[in-house]
Amino acid sequence: MLLHLSDLHFGTEQPRVCRAVAQLCEQLQPEAVVVSGDLTQRARQEQFVAASVFLMSLNRPLLVVAGNHDIPLFHLTRRLLTPYDYFQRYFGELEPVLETQSFYLVGVNSVARHHHTQGSISNLQIWQAGERLRHAPNDKTKLIVSHQPFAASQAEDQAEAPRLMDRAVRHWSRLGLAGLLHGHLHTPAVFDLNRRHSLQLSRPVLDIQAGTAISTRLRQGFPNSVNLIHADLRVERWDFDPLTAQFQSVQQLWPLADF
């Protein structure tokens, strides 16, 4: 299984929730920890250091991609010329690949330095990620990880999706993509892109979104939460319970009851 975290926003983290994530990771021993962006609140070096120390302390294989909060907002020179310098210093590649016992994970950087929140991917990125999927082992579940989601319930949230999203979904799905992992909206959810994009496949292509992992930046009444993703694409939502100071399984996000 994978432990899917998003929107850590170090600088607004809650230490007791951090400890609960570490406890859950120790308890479940996932194949990997996947972080779909927004590690920091304001892309400051000390926030990247704190995020790195925390994630390394989980002692599991990691795949991490950047979010829109991980490039400078107010320092325009750095935003335009070296937006990812701190991210790459502490987390390496912008578009990493990780293979585990059950999964083949491909990172795609959907952050656009010229937009504050809206995502962007290019034709080159679509092709490069596709080639990685094409050459992935056939016995692995193939997943793409990026920050901005490809689906949303609200029209205003759908505007945050990366441009060329439809082209990407159609190309990657032909190469065996099983799902995409995102954050950004701070809302745990799963959508079937096969239905939404009329891909005419005999299987779902999931858009899996994680809530706010450890930050105080909660939205829409959701508590801090993380996702567990199993090899059969069963997705569980685990919420932080402030009474026990632990994460507890509260909902199966996929398969849906009527699927």
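Biologist: In the hairpin of E10 and E11, which residue takes a positive phi, and how many residues stand between the strands?

Modeller: In this model, which is a predicted one, that residue is Leu233, with a phi near 70°, and the hairpin has 5 residues between its two strands. His230 belongs to the loop between E10 and E11 as well.

Biologist: What makes His230 count as buried?

Modeller: Buried means a relative accessible area under 20%, and the value for His230 is 13%, so His230 falls on the buried side of that limit. Leaving aside neighbours within four places in sequence, His230 has contacts with Met1, Phe103 and Glu236. Gln47, by comparison, is 183 residues from His230 in sequence and 30 Å away in space, taken C-alpha to C-alpha.

Biologist: How do you know that strands E10 and E11 pair, and in which direction do they run?

Modeller: Two strands pair if at least two bridges are found between them; strand E10 (residues 225-229) and strand E11 (residues 235-241) are joined by 5 bridges, so they meet that condition, and they run antiparallel. Within this pairing, Ile229 stands opposite Val235 in E11. E10 is also joined to E1 by 3 bridges, again running antiparallel, and there Leu3 has Leu228 of E10 as its bridge partner.

Biologist: Why is E10 described as largely enclosed by the rest of the structure?

Modeller: The reason is that 5 of the 5 residues of E10 are buried. Ser225, Asn227 and Ile229 point one way from the strand, while Val226 and Leu228 point the other way, and all of them are buried. As a general matter, side chains in a regular strand alternate between the two faces of the sheet.

Biologist: What makes E3 and E12 the edges of the open sheet?

Modeller: The sheet has 6 strands in the order E3-E2-E1-E10-E11-E12, with mixed pairing. Strand E3 (62-65) and strand E12 (246-254) have a single partner strand each, so one side of each is left without a neighbour in the sheet. On average, neighbouring strands of this sheet are turned by 25° against each other, direction ignored. Helix H1 (residues 15-28) packs on the sheet and touches strand E1 (2-5), strand E2 (32-36), E10, E11 and E12, and the direction of H1 makes about 70° with that of E12.

Biologist: Turning to the aromatic rings, why is the pair of Phe48 and Phe87 called edge-to-face?

Modeller: Rings pair if their centres lie within 6.5 Å, and planes over 60 degrees apart count as edge-to-face. A search of the whole structure finds 6 aromatic pairs, and in this one the centres are 6.4 Å apart with 80° between the planes, so both conditions are met. Phe48 lies in helix H2 (residues 45-57) and Phe87 in helix H4 (residues 85-91), so the pair ties together parts that are 39 residues apart in sequence. Phe48 has a relative accessible area of 0% and is therefore buried, and Phe87, also at 0%, counts as buried too.

Biologist: What makes the pair of Phe87 and Phe91 tilted?

Modeller: Their ring centres are 5.6 Å apart, and the planes stand at 35°, which lies neither under 30 degrees, as stacked would need, nor over 60, as edge-to-face would need, so the pair is tilted. Both residues lie in helix H4, 4 residues apart, about one turn of the helix. Together with Phe48 and Tyr86, Phe87 and Phe91 form one aromatic cluster.

Biologist: How do you know that the length of helix H5 agrees with what its 12 residues should span?

Modeller: At 1.5 Å a residue, helix H5 (residues 123-134) should span 16 Å, and its end C-alpha atoms are 16 Å apart, so the two values agree.

Biologist: Which residues of H5 are buried, and what covers them?

Modeller: The buried residues of H5 are Gln125, Ile126, Ala129, Gly130 and Leu133. They cover an arc of only 130° around the axis, which puts them on the same side of H5. What covers them includes strand E5 (103-107), strand E6 (141-145), helix H7 (165-174) and strand E7 (177-182).

Definitions and conventions: Residues are numbered from 1 along each chain as its sequence is written. Side-chain values use heavy atoms; hydrogens and water are left out. Buried means under 20% relative accessible area, exposed over 50%, partly exposed in between (1.4 Å probe, protein chains only). Axes are lines fitted to C-alpha atoms, for helices over the stretch in contact, and angles run from 0 to 180 degrees between N-to-C directions. Contact means heavy atoms within 4.5 Å. The expected span of a helix is 1.5 Å times one less than its number of residues. The arc is that of the directions from the helix axis to the C-beta atoms.
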